[in-house]
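I'm opening my notebook on a structure that is new to me. I'll jot down what I look up as I go.

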Amino acid sequence: MPLLTAVLTSWTFIIVFARMPKRLNLVECIFVFFISIIVMTSTFTLMDIDLHRMVTDKRPEYALAIIVVRTVLIPTVIMMSVNGLQTQLSWVAKSVVVSLPIVVMLGIHWAFQAMGVVTLQNWSTWYSVALFLLLTGVIYGFSWGFAKLRLAG
Amino acid sequence: MGLCKITLGRVKTRLITYDDKFNWNEWFVIGGLCLSIVVLFLLPRRFTLQTTVIYFLKGVVCGFFFDHTLSVLPVSFYDVNDTSQFQLIDFLSYWMYGGFSYVYFYLYDRFSIRPRWSPLYILVWSLIAFAMEWLATTAGVYHYRHGYKLIYSVPIYLIVLSSWVILYYGIKRSATVPYEGR
């Protein structure tokens with residue numbers, strides 16, 4: 001069940017992203033995708049294997065669901081969000097776009113906890129909120145810097 | 001080699017320590033990283049800055065992706081560096097793949113490799129990657145587990161390096177298509 005949920009949710013976001021008007025060029029989309037994978041995999045591996053704060057179940061189905069979420073779903077949502085920020089929107093709409101990845105991550109986090117895929121140890125949901133905010137901020141920062149490279153040639 | 005049993009989720013796992021000294025594997029990673037940076041700055045510029053970053057990152061991301069899928073439970077086919085935990089030197093080791101991927105794209109573009117010669121180019125680079133993995137394994141960067149052998153990496157290299165050629169043509173094509181056309 002967790003794997004099916006992760007795959008179908010990811011695919012839904014991919015469909016939405018494919019239909020969206022793109023303001024980022026291909027290279028910028030790839031960059032956001034790559035940097036999201038690097039930031040997400042290193043942070044969550046650290047939280048799981050080294051610090052044992054967000055411990056994931058290592059059974060094959062659960063482990064695959066986690067991999068799909070970290071390497072497909074979250075990078076796709078962040079790519080959508082960064083793309084949305086490049087459009088001419090009101091600040092309210094932009095706030096919604098910026099908070100989308102955090103809301104999605106929290107939703108997945110809650111669902112995985114409910115299904116027993118992720119177990120929190122000495123960790124509060126508020127720490128997760130702060131962590132997701134920080135990670136998304138870091139990725140936005142890198143994306144902003146990368147977009148500036150376009151002007152540099 | 002030290003073992004320590006812990007429970008992660010519902011699966012019991014063992015934290016393995018291969019060594020705790022600053023030795024060959026660390027020097028290999030530092031050397032590889034320096035070589036990557038030197039290559040990046042010494043080669044004459046051929047691509048835009050954005051494309052250069054993407055070609056460098058491609059190798060790094062592949063390292064991250066495979067080391068966080070093949071080298072973690074439930075499969076856990078290998079460990080990287082001194083322990084089965086995620087260490088700073090592991091993080092640094094992924095960045096040395098950046099130089100490899102950059103040179104791969106650089107030479108592909110420099111020699112204008114035609115699609116019909118691409119399979120041969122991919123094979124040659126797979127053998128180079130195989131040789132480098134053998135060197136890294138000898139230096140203690142990789143420790144294979146659960147019956148994994150070095151030779152199993154060859155098909156993975158062939159698939160990954162083929163996907164890099166697809167990425168190369170995707171980026172090349174995107175540079176020639178007008179913005180509104182996408």
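What follows are my entries, in the order I made them.

**Entry: what I'm looking at**

I note up front that this is a predicted model. I began with chain B. How many helices and strands are there in chain B? I find six helices and four strands. Reading from the N terminus, I get the order β-β-α-α-β-α-α-α-β-α for the elements of chain B.

I then looked at how chain B is packed. Chain B has 182 residues, and 46% of them count as buried. Among the contacts in chain B with a separation of 6 or more, 71% are between residues 24 or more positions apart. I also noted the surface: chain B exposes about 9800 Å², and 70% of that comes from carbon and sulfur atoms.

**Entry: helix α5 of chain B**

I picked B:Ser126, which sits in helix α5, residues 118-139 of chain B. Is B:Ser126 buried or exposed? B:Ser126 is buried, because its relative accessibility is 1% and the cut-off for buried is under 20%. Leaving out residues up to four places away in sequence, I see B:Ser126 touching B:Tyr157, B:Leu158 and B:Leu161.

Then I tried B:Met132, also in helix α5 of chain B. B:Met132 comes out as partly exposed, with a relative accessible area of 40%. I found B:Met132 in a nonpolar patch on the surface, together with B:Trp117, B:Leu120, B:Leu123, B:Val124, B:Leu127 and B:Ile128. Together the patch residues have about 640 Å² of accessible area.

**Entry: aromatic pairs**

I looked up the aromatic pairs next, and the whole structure has 33 of them over all chains. One of them is B:Phe64 with B:Tyr94, a tilted pair with 4.4 Å centre to centre and 45 degrees between the planes. B:Phe64 is in helix α2 (residues 49-67) and B:Tyr94 in helix α3 (residues 88-95) of chain B, so this pair ties together parts 30 residues apart in sequence. Both ends are inside: B:Phe64 is buried at 0% relative accessibility, and B:Tyr94 is buried at 2%.

I wrote down another pair, B:Phe100 with B:Trp125. Why is the pair of B:Phe100 and B:Trp125 edge-to-face? Their planes are at 80 degrees, and over 60 counts as edge-to-face, so the label fits. The ring centres of B:Phe100 and B:Trp125 are 5.0 Å apart. B:Phe100 belongs to helix α4 (residues 97-110) and B:Trp125 to helix α5 of chain B, so parts 25 residues apart in sequence are tied together. I see that B:Phe100 and B:Trp125 are buried.

**Entry: charges over rings in chain A**

I moved to chain A and checked for charges over rings. A:Lys22 lies over the face of A:Phe17, 5.0 Å from the ring centre. I also have A:Arg59, whose charged end sits over the ring of A:Tyr62 at 4.6 Å from the centre.

**Entry: salt bridges**

Side chains of opposite charge can pair when their charged atoms come close. How many salt bridges are there over all chains? My search of the whole structure gives six.

I took A:Glu28 and A:Arg150 to begin with; the closest N and O atoms of this salt bridge are 2.7 Å apart. A:Glu28 is in helix α2 and A:Arg150 in helix α5 (residues 125-152) of chain A, so the pair ties together parts 122 residues apart in sequence. A:Glu28 is buried, with a relative accessible area of 2%, whereas A:Arg150 is partly exposed at 45%.

Next I looked at A:Lys58 and A:Asp48, which meet at 3.1 Å, N to O. A:Lys58 is in the loop between β1 and α3 of chain A, and A:Asp48, ten residues away, is in helix α2. I have A:Lys58 and A:Asp48 down as buried.

In chain B, I found B:Asp79 with B:Arg145, at 3.5 Å between the closest N and O atoms. B:Asp79 is in strand β3 (residues 78-80), and B:Arg145 is in the loop between β4 and α6 of chain B, 66 residues apart. B:Asp79 and B:Arg145 are buried.

**Entry: one loop residue**

My last stop was A:Asn25, in the loop between α1 and α2 of chain A. A:Asn25 counts as buried at 14% relative accessibility. I looked up its spacing to A:Ala147: the C-alpha atoms are 9.6 Å apart, with the two positions 122 residues apart along the chain.

Methods: Residues numbered from 1 in each chain as written. Chains lettered and ligands numbered in written order. Heavy atoms only, no water. Helix = DSSP H or I, 4+ residues; strand = E, 2+ residues; numbered from the N terminus. Buried < 20%, exposed > 50% of the residue type's maximum accessible area, 1.4 Å probe, protein only. Contact = heavy atoms within 4.5 Å. Patch = residues over 30% accessible without salt bridge, like charges linked within 9 Å, V, L, I, M, F, W, Y side chains within 5 Å. Areas by Shrake-Rupley, 256 points an atom, 1.4 Å probe, with all protein chains shown as cover. Salt bridge = Lys/Arg side-chain N within 4 Å of Asp/Glu carboxyl O. Phe/Tyr/Trp six-rings, centres within 6.5 Å; stacked < 30°, edge-to-face > 60°. Lys NZ or Arg CZ within 6 Å of the ring centre and 35° of its normal.
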